[in-house]
Amino acid sequence: MWAFFALAVVAGAQYPAVQHAYLEVEASADGRQRATLSLSPAIDTRMKEAFARAAGCLPGDLQPERYGSRVRVRCAASRPDRLRVHTELRFDTLAPLLAFAGIRVVDVSLVAPRMDDVNIEPPMPASGLYHHASYSLDELPEKIAVDAGFGPRHLRNLAAGIAGLLLLPFILAVLRARNIPQLYALVQATFLAGWTGWTWILARTQAWTLCDLASGIRFAGPLLLVATPLAAVWVGSQLAAIQYARIAPEGSDEAAYRRSKFWIGALIVFLFSTIVGLFSAIESSQLGWTWAGIAATVLCVVQLYRSSRGGSYALPEGPLRARIFALAAQAGVRLRGVTILLGSERRPPAAFATRWGVILLTESLVRNLSRREVDAVVCHEFSHMNPTRSAGMAGIYVAVVATVMGAQFAPGMIQALPLAIVGSVLLFKAWRRSEERKADRDSVRWSRDPEALISGLTRGSRAAGMPLEWGPPVSWMIGHPSTAERFRLIAQAGNLPGSRIAELMEQATAEAADRYEVGDSVSQEAMFPTILKQRLKTRLALLALGGPAIFGFAATWILRKAGLGTWPVIAIAVPAASAAFYACYEWMVGGVRENVRRRWLA
């Protein structure tokens with residue numbers, strides 16, 4: 001063994017290690033370039049200035065660098081025209097200095113911007129946007145030139161795409177829906193057409209980079225990615241609300257419908273733009289837009305939550321709660337609670353199941369449906385609390401994200417993104433319809449009352465102004481089968497004759513006699529009004545989202561300024577930030593608690 005180590009030392013002494021220099025050049029979409037040179041020995045001032053000139057910059061463009069063996073420079077690249085960028089690396093003055101420093105091999109890496117036409121002379125092996133080559137100092141070319149840009153057709157295509165997307169929502173003013181399902185399908189189809197068309201335009205024109213380069217303004221691309229579809233969503237929500245006011249039942253809230261459509265559309269715009277930007281950003285500084293997109297997505301969720309109509313309260317102990325929990329035990333469902341949804345405006349009978357094991361019932365459903373009908377509807381919702389349902393939904397969402405990610409490794413794959421969007425949406429709708437059919441069958445099996453489910457659906461559909469039948473192409477864009485189709489499937493699962501459906505529908509025109517009592521919600525609304533609940537929920541949601549980061553960064557900054565080390569900062573900042581978060585929470589909740597107490601005493 002000792003002989004082996006001695007031989008290795010002798011070999012190392014006879015064959016000294018080859019000294020490498022690592023040169024990386026990154027061209028950005030806004031026409032700027034950044035170059036970095038790394039050596040094993042320290043870099044003197046003379047070599048730094050020579051490197052800055054070799055990269056086409058001035059010595060004043062050198063960036064501060066904490067390591068003496070690395071130098072970084074950043075400056076504007078030359079612009080042959082508005083749609084092209086050109087940069088050169090000249091080695092005539094830099095090569096002698098590298099040789100004097102003992103460098104024998106130069107590793108050159110180029111990161112080219114995502115543009116339609118990229119030419120590198122002399123050519124270098126490429127892997128996506130990255131080009132790499134190693135040269136011995138004797139073989140180092142006199143210069144390496146990068147020329148990249150777009151043709152005028154890209155600007156024309158992008159302008160046409162913007163105009164088309166902004167005009168598309170006016171289809172909602174031309175086509176008149178006759179009922180709620182037609183309006184829902186029309187809005188969904190219009191949004192899907194705009195989404196896929198805009199995605200195709202972005203992929204064909206490489207709009208992110210094109211806008212940054214043409215305008216010379218950093219982040220012009222991300223702004224365009226968001227501003228244009230967001231404007232189209234706003235126009236579409238206004239026009240959809242006009243149609244909704246025309247066909248919705250009397251007492252429906254047109255403003256709430258408009259707000260919900262806008263915030264849902266804005267949520268998808270920000271979420272999709274964030275995903276595209278995350279996998280399109282080359283420079284680390286552009287990742288700031290990813291965080292901005294995440295923040296905007298969270299804001300849309302909060303606004304959508306705020307714009308939801310009415311308040312809520314937990315269903316107190318009583319016959320209805322006991323019956324629902326008994327049905328849950330019979331169905332093998334883990335139920336955590338039951339919530340009654342309130343609303344100052346007209347709210348049709350409806351029921352929902354949450355992923356965290358809570359059943360939501362509108363107050364009108366309990367007051368207008370019979371006990372048997374409420375039981376059957378609740379059993380339907382129990383089927384939606386199956387964990388496999390959430391897993392299936394997540395699998396469909398992954399398809400679009402996987403296509404965006406795959407496009408980074410196979411650039412031609414980005415052309416399939418519009419098809420992936422259309423396919424995922426249609427597949428999701430079909431999957432939702434199959435889930436609704438399964439939930440109806442489960443309701444028949446668990447409640448053993450198919451007649452109550454049919455009559456309950458009839459009451460709910462009539463109260464919401466919904467027709468009982470709709471077919472293709474409207475059915476393609478709706479996640480529920482038509483009510484008439486559901487009646488037929490329920491009758492088949494419950495062994496009911498077809499003639500019995502018409503009788504049950506006729507019976508549902510009369511007022512239900514035997515109903516559950518949920519108590520008087522007026523006193524609750526007076527003591528803890530809906531607007532106060534929504535305000536508290538919004539504040540707590542914002543605190544939960546931003547509080548940990550704000551208090552954590554503040555505590556860390558203060559302790560760092562005090563000169564403490566890493567571990568003392570962690571040991572003190574964590575409990576301090578937690579205490580500040582708790583104090584802020586108690587301050588918010590305590591103020592509302594005192595307000596409710598005063599109302600209760602009054």
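# Questions on a predicted model

User: How many disulfides does the count come to in this predicted model?
Analyst: The model is predicted. A disulfide needs two cysteine sulfur atoms within 2.5 Å. By this rule the count comes to one disulfide.

User: Which residues form the disulfide?
Analyst: The two sulfur atoms are 1.9 Å apart. The cut-off is 2.5 Å. The pair is Cys57 and Cys75.

User: Is the disulfide of Cys57 and Cys75 left-handed or right-handed?
Analyst: The torsion about the S-S bond of Cys57 and Cys75 decides this. It is about -65 degrees, so the disulfide is left-handed.

User: How many residues apart in sequence are the parts that Cys57 and Cys75 tie together?
Analyst: Cys57 lies in the loop between α2 (45-54) and β3 (62-63). Cys75 lies in strand β4, residues 70-76. Both cysteines are buried. The parts they tie together are, in sequence, 18 residues apart.

User: How many aromatic pairs does a search of the whole structure find?
Analyst: Ring centres must lie within 6.5 Å to pair. Searching the whole structure gives a total of five aromatic pairs.

User: Is the pair of Phe191 and Trp195 stacked, edge-to-face or tilted?
Analyst: The ring centres of Phe191 and Trp195 are 6.1 Å apart. Stacked needs planes under 30 degrees apart, and edge-to-face needs over 60. The planes of Phe191 and Trp195 stand at 55 degrees, so the pair is tilted.

User: Where do Phe191 and Trp195 sit?
Analyst: Phe191 and Trp195 are four residues apart, which means about one helical turn separates them. Phe191 is partly exposed, with a relative accessible area of 27%. Both residues belong to helix α6.

User: Which residue do ring pairs link into a cluster with Phe191 and Trp195?
Analyst: Ring pairs extend the grouping of Phe191 and Trp195 into a cluster. The residue that joins them is Phe272.

User: Is the pair of Tyr244 and Tyr257 stacked or tilted?
Analyst: Tyr244 is in helix α8 and Tyr257 in helix α9. Both are buried. Their ring centres are 4.1 Å apart. The planes are at 0 degrees, so the pair is stacked.

User: How many residues of strand β6 are buried?
Analyst: Strand β6 covers residues 105-111. The strand is mostly covered. Of its seven residues, the number buried is six.

User: Which strand pairs with β6 in the antiparallel sense?
Analyst: Strand β1 joins β6 through seven bridges, but those two run parallel. There His20 has Val105 as its bridge partner. In the antiparallel pairing, also over seven bridges, Leu110 stands opposite His131. That partner is β9.

User: Which strands stand at the edges of the open sheet of four strands?
Analyst: The order is β11-β12-β14-β13, with mixed pairing. An edge strand has a single partner strand, so one side is left without a neighbour in the sheet. The edge strands are β11 and β13.

User: Which residue stands opposite Gly337 in β14?
Analyst: Strand β12 (residues 337-341) and strand β14 (residues 358-362) pair in the parallel sense. They do so over five bridges. Opposite Gly337 stands Val358.

User: Which helix lies across β12 and β14?
Analyst: Helix α13 packs on the sheet too, but touches β13 and β14. Its direction makes about 25 degrees with that of β13. The helix across β12 and β14 runs at about 130 degrees to β12. That helix is α11.

User: Which element gives the most residues to the largest nonpolar core?
Analyst: This core holds 35 residues. Leu98, Leu110 and Ile144 touch the most other members. Elements that each supply at least two residues include β1, β6 and β9. The most, five residues, come from α2.

User: How many residues are in the other core, with Leu342 and Trp446 among them?
Analyst: This core lies apart from the largest one. Cys379 is another member, and counts as buried because its relative accessibility is 0%. The number of residues in this other core is 26.

User: What share of the residues in the chain is buried?
Analyst: The chain has 21 helices and 14 strands. A residue counts as buried when its relative accessible area is under 20%. Among the 602 residues in the chain, the buried share is 46%.

Definitions and conventions:
Residues numbered from 1 in each chain as written. Predicted model: local features only at pLDDT ≥ 70, side-chain atom pairs only at ≥ 80, totals over all residues. Heavy atoms only, no water. Buried < 20%, exposed > 50% of the residue type's maximum accessible area, 1.4 Å probe, protein only. Phe/Tyr/Trp six-rings, centres within 6.5 Å; stacked < 30°, edge-to-face > 60°. Pairing = 2+ DSSP bridges. Contact = heavy atoms within 4.5 Å. Axes fitted to C-alpha atoms, helices over the stretch in contact; angles between N-to-C directions. Core = buried A, V, L, I, M, F, W, Y, C linked by side-chain atoms within 4.5 Å.
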